[in-house]
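Biologist: I should like to learn how to read the features of a structure that is new to me. May we look at it together?

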Amino acid sequence: MTAAPPPPPWTVISVLERCYAMARDNFPAFVTVTMVFAAVSLVVDVLSLGLLGGLIHLVCSAATAICITWGALQVMGGRTPEWEPMLRRLQASNFGMLLLLGCIQYFVIAISAILVVPPFFLLPLWAVTIPAMMVERTDIGGAFNRSMDLTRHRRLPILGAFLLWALIFAAGAVVIVVLLGHGPIAHLVLWVYSAIAATVVQPLPAIFYVLLREEKEGATVEQIVGALD
């Protein structure tokens, strides 16, 4: 019996191309999900809720990541996700743990930006915590450990992918500000732009998770995504 060939090597560019193609081909479903949570964040900004507003922003970011990660895994398994099933992840039995994981991860990375540990160190280290917990049903500590294990020796290209997307979208935001200034129209355009940017970037953890498991463990996409059923 002939062994299955190893998966082709991946690069920063190949991952970004795959991420862009996934977002493009599933844009209506993905952007609907990101717009729902972005709308909540927009209301929070208008109400100026202070610390409570920051907490709501954190929860919305984590919830967006959970829903888009699930949708991205479905795409990689050959399915076409719709926005309603993606939002129904909010009712999943493990959603609370996933939400807590995402909030802890995002909060620590944000705090690290003003403390000692550079966020660029933590971002690739914890890049696949959410898909790891989602697929493997780990606890919070197990998800962090699993991500650190899977990303070992691959953290530089993972960081490169996130940074390149960040630079591309930051450049777009600068263009919007230069053209429209800082008025209410500019804020609205930036809000829509941020939601679209999230639509493109959020599939990255799921893509990296599948690629790393293929590369390091010989797992197939079918085996990985099948665990979600």
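Biologist: Which element gives the largest share of the nonpolar patch?

Modeller: Please keep in mind that this is a predicted model. The largest share of the nonpolar patch comes from α2, with four residues. The patch lies on the surface and is formed by Leu42, Val43, Val46, Leu47, Leu49, Leu52 and Leu55. Together these residues have about 620 Å² of accessible area. Two elements, α2 (27–47) and α3 (51–76), each give two or more residues to the patch.

Biologist: Let us take one member of the patch. Where is Leu42 placed, and why does Leu42 count as partly exposed?

Modeller: Leu42 has its place in helix α2. The class follows from relative accessible area: under 20% is buried, over 50% is exposed, and partly exposed is in between. Leu42 has a relative accessibility of 31%, so Leu42 counts as partly exposed.

Biologist: I turn now to helix packing. At what angle do helix α5 and helix α7 pack, and how are the two helices oriented to each other?

Modeller: An angle over 145 degrees counts as roughly antiparallel. Helix α5 (residues 95–112) and helix α7 (residues 129–136) pack at about 165 degrees, and their axes are 10 Å apart. Therefore α5 and α7 are roughly antiparallel to each other. The crossing in which α5 passes α7 is right-handed.

Biologist: How do the axes of α7 and helix α11 cross?

Modeller: Here the general idea is that angles of 65 to 115 degrees count as roughly perpendicular. The axes of α7 and helix α11 (residues 204–217) cross at roughly 65 degrees and come within 8 Å. Therefore α7 and α11 are roughly perpendicular to each other. In this pair, α7 passes α11 in a right-handed crossing.

Biologist: My last topic is the backbone. What sign does phi have in most residues other than glycine?

Modeller: Most residues other than glycine have a negative phi. In this structure, Arg137 has a positive phi near 55 degrees. His153 has a positive phi as well, near 70 degrees.

Biologist: Where do Arg137 and His153 lie, and are they buried or exposed?

Modeller: Arg137 is placed in the loop between α7 and α8 (140–151). Its relative accessibility is 48%, so Arg137 counts as partly exposed. His153 lies in the loop between α8 and α9 (155–180). His153 has a relative accessible area of 76% and is therefore exposed.

Methods. Residues numbered from 1 in each chain as written. Predicted model: local features only at pLDDT ≥ 70, side-chain atom pairs only at ≥ 80, totals over all residues. Heavy atoms only, no water. Patch = residues over 30% accessible without salt bridge, like charges linked within 9 Å, V, L, I, M, F, W, Y side chains within 5 Å. Areas by Shrake-Rupley, 256 points an atom, 1.4 Å probe, with all protein chains shown as cover. Salt bridge = Lys/Arg side-chain N within 4 Å of Asp/Glu carboxyl O. Buried < 20%, exposed > 50% of the residue type's maximum accessible area, 1.4 Å probe, protein only. Axes fitted to C-alpha atoms, helices over the stretch in contact; angles between N-to-C directions. Parallel < 35°, antiparallel > 145°, perpendicular 65-115°, else oblique. Left-handed = near helix turned anticlockwise from the far one by under 90°.
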